Every structure is written in C-alpha cells, then in structure tokens.
Amino acid sequence: MLYRRQKNYPKAIADFETAIKLNPNSLSTYNSLAWLYKYSIRDSKKAMSVWTRYIKIKKYQSAGYQRRAEIYQSQKQWHKAIADWKSA
C-alpha cells in the first residue's frame with residue numbers, strides 16, 4: 001500500500017504479486033492489484049487478467065466475475081459482461 005501511495009507502481013505491483021503467492025485466496029489483494037492496474041496505471045487488460053487469475057482459483061465466488069464484468073462493460077464488450085454477470 002505504501003508504494004502505491006508513493007506512486008511507485010512497479011514496487012507496488014511486485015508487493016501485491018508476492019502477497020498473492022503467499023495467500024492466493026485473498027480477495028482484497030487481487031482487488032488492490034486490479035485497482036492499481038485499472039485506475040493508477042490505466043491498463044484495463046492487466047486488471048482483467050488479475051480477475052481472470054482469481055476466477056481460476058475461486059471459480060465459485062462471484063466477486064471476480066462481478067469485477068471482470070465491470071471492466072467488460074467499460075469496454076462495451078456487452079456479451080462478455082453479460083456472461084460474467086450471469087456467472088456471478
């Protein structure tokens with residue numbers, strides 16, 4: 001979190017990736033990493049890949065599908081967004 005506040009995004013990403021390796025079930029860590037990609041770095045593709053990784057691990061949890069659907073919606077990829085909303 002400190003690196004993100006300091007806008008040292010490469011170190012923040014490395015810290016979040018390490019945290020995910022240590023605890024791959026942590027929704028808050030995936031959320032923080034995806035948020036960093038989407039809003040600070042403005043890379044929706046990487047944010048989407050974070051949620052896709054989460055879905056592979058926790059495919060029966062709705063959070064990953066919901067957040068990925070929001071990204072699809074922002075990109076006007078309606079069919080993909082609807083599919084994720086239905087999976088959520």
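Start at Tyr54, which counts as buried at 1% relative accessibility. The model on screen is a predicted one. Select Trp51 next: at 2% relative accessibility, Trp51 is buried too.

**The Trp51–Tyr54 pair**

Show both side chains. Trp51 and Tyr54 lie three residues apart in helix α4 (residues 44–57), so about one helical turn separates them. Now turn to the wider picture of rings: a search of the whole structure finds three aromatic pairs. Trp35 and Tyr39 make a tilted one, with 5.6 Å centre to centre and 45° between the planes. Select helix α3 (residues 27–40) to see how they sit: Trp35 and Tyr39 are four residues apart there, so about one helical turn lies between them. Colour by accessibility. Trp35 is partly exposed, with a relative accessible area of 39%. Tyr39 is partly exposed as well, at 44% relative accessibility. Swing back to Trp51 and Tyr54, which form an edge-to-face pair: 5.7 Å centre to centre, 85° between the planes. The angle explains the label, because planes over 60 degrees apart count as edge-to-face. Add Tyr30 to the selection. Ring pairs link Tyr30, Trp51 and Tyr54 into a cluster.

**Along helix α3**

Stay on α3 and pick Ala34, which lies in this helix. Ala34 counts as buried, at 4% relative accessibility. Show what surrounds the residue. Leaving out residues up to four places away in sequence, Ala34 touches Ala47, Val50 and Trp51. Trp51 is the residue from the ring cluster with Tyr30 and Tyr54. Next, draw a distance from Ala34 to Phe16. The two are 18 residues apart in sequence, and their C-alpha atoms are 9.7 Å apart in space.

Keep Phe16 displayed and select Ser32, also placed in helix α3. Ser32 is buried, with a relative accessible area of 14%. That value earns the word because buried means under 20% relative accessible area. Which residues does Ser32 touch, not counting those up to four places away in sequence? They are Arg4 and Phe16.

**Two lysines in loops**

Go to Lys7. It sits in the loop between α1 (2–5) and α2 (9–22). Check the backbone: Lys7 has a positive phi of about 65°, although it is not a glycine. Buried or exposed, what is Lys7? Lys7 is exposed, with a relative accessible area of 62%.

Now jump to Lys76, in the loop between α5 (62–74) and α6 (78–87). The phi of Lys76 is positive, at about 60°, and this residue is not a glycine either. Lys76 is exposed, with a relative accessible area of 60%.

**The start of α5**

Select Ser62, found in helix α5. Ser62 is partly exposed, with a relative accessible area of 29%. Draw a line from its C-alpha atom to that of Asp15. The two residues are 47 apart along the chain, and their C-alpha atoms are separated by 25 Å.

**Zoom out**

Switch to a cartoon of the whole protein chain. How many helices and strands are there? The count is six helices and zero strands. From the N terminus on, the elements run α-α-α-α-α-α. The radius of gyration is 13 Å, close to the 12 Å that the globule rule gives for 88 residues, so the protein chain is as compact as a globular protein of that length. Align the view to the principal axes. The C-alpha trace spans about 35 × 25 × 15 Å along them.

Colour the chain by burial. Buried residues make up 33% of the 88 residues. Then look at contacts between residues at least 6 apart in sequence: 32% of these join residues at least 24 apart.

Turn on the surface. The protein chain exposes about 5,800 Å², and carbon and sulfur atoms supply 52% of that area. Finish with the charges. There are 18 positive and 5 negative ones in the protein chain, and their mean positions are 2 Å apart.

Technical notes. Residues are numbered from 1 along each chain as its sequence is written. This is a predicted model: local features need pLDDT of at least 70, side-chain atom pairs count only at pLDDT 80 or more; totals for chains, interfaces and linings use all residues. Side-chain values use heavy atoms; hydrogens and water are left out. Buried means under 20% relative accessible area, exposed over 50%, partly exposed in between (1.4 Å probe, protein chains only). Rings of Phe, Tyr and Trp (its six-membered ring) pair if their centres lie within 6.5 Å; planes under 30 degrees apart count as stacked, over 60 as edge-to-face and the rest as tilted. The radius of gyration is taken over C-alpha atoms; the globule rule is 2.2 Å times the number of residues to the power 0.38. Contact means heavy atoms within 4.5 Å. Accessible areas come from the Shrake-Rupley method with a 1.4 Å probe; for residues, only the protein chains shown count as cover. Lys and Arg count as positive and Asp and Glu as negative; His and the chain ends are not counted. The place of a charge is taken as NZ of Lys, CZ of Arg, CG of Asp or CD of Glu.
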